[in-house]
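Me: I've got a model open and want to check the labels people put on it. Mind if I keep asking what backs each one up?
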Amino acid sequence: MTSASHSAPVGQSRPAGPFAWLEQRPLLLAMLLMVVTVAVYAPAKHNGFVSYDDREYVTRNAQVQSGLDFDTVQWAFTSFDAANWHPLTWLSHALDVQLFRLNPAGHHGTSIALHALNASVVASVTRTSETTFSRSPWLHRSCLVDGQFATINFHAVEFGDGSFG
C-alpha cells in the first residue's frame, strides 16, 4: 500500500489534530453540544419568573394562561400583543402553561431544551457552510462559533431569580 492511498482527495485537506476523528461524526458533535448547552443552563431551572417580560408573556397573560386550545391558537396568529407578531412564541408559552401551569422550572426547561436543539442546528449549518465554502478542516472555526452560540447568554441566567428589571 502506498502513502497516496492514505491521502485526502485532490483539492481537499485532511483533518489534523487530536479531534480529527470528530469531523467524521457530526451527529456525535451535535449531541455533545446539546449536552454542554443543557449543563450550562440547567441551573436556570431553579429560578423564578423574571419581571423583565414574563408578566406580559406568561404570568399576567390571560390568553396564554388559558392553555393551548383553539381560541389560543387563533389569538396567537392574529395578536400583536407585546408589540410583536410571534405566534410560535405564544403557542410555546401556552403549551408550557398547559403542561407545567405556572411552575417556572417547566418553562425554563422548555427554553433550555429549545436552545440546545437550536445549538445543534447551528452546528449543522456551520459545518455545512464550512465544508462547502472552504477546503480547510471545519472543526476549529465552526466549533468555536457553535460553542459561542450555545453559551453566549450564560450571564442572563444570573438574573433569572427575578432581580432583573
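Reply: Go ahead. Start with confidence: pLDDT is the predictor's confidence in each residue, from 0 to 100, and this is a predicted model. Helix 5 has the highest mean pLDDT among the elements of the protein chain, 98, and helix 1 (residues 20-23) the lowest, 67. The chain averages 80, with 72% of the residues scoring at least 70.

Me: What makes residues 1-8 a stretch to go easy on?
Reply: Their pLDDT stays under 50. Where pLDDT is low, the predicted coordinates should not be read in detail. The model has 5 contacts beyond four places in sequence for residues 1-8, and 17 for residues 157-165, where pLDDT also stays under 50.

Me: How do you know that the buried residues of helix 5 are on the same side?
Reply: Buried means under 20% relative accessible area, and Thr 72, Trp 75 and Ala 76 in helix 5 (residues 70-78) qualify. They cover an arc of only 100° around the axis, so they sit on the same side of helix 5. Exposed means over 50%, which is met by Phe 70 and Thr 78 on the other side. The buried residues pack against helix 4 (62-65) and helix 6 (87-100).

Me: Why is the set with Trp 75 and Ala 76 called a nonpolar core?
Reply: Because such a core takes buried residues of listed types, Ala, Val, Trp and Tyr included, joined through side-chain atoms within 4.5 Å. The largest one has 10 residues, among them Trp 75, Ala 76, Trp 90 and Val 97. Helix 3 (54-59), helix 5 and helix 6 each supply at least two, and helix 6 gives the most, 3.

Note on methods: Residues are numbered from 1 along each chain as its sequence is written. Side-chain values use heavy atoms; hydrogens and water are left out. Buried means under 20% relative accessible area, exposed over 50%, partly exposed in between (1.4 Å probe, protein chains only). Helices (H or I, at least four residues) and strands (E, at least two) are DSSP runs, numbered from the N terminus. The arc is that of the directions from the helix axis to the C-beta atoms. Contact means heavy atoms within 4.5 Å.
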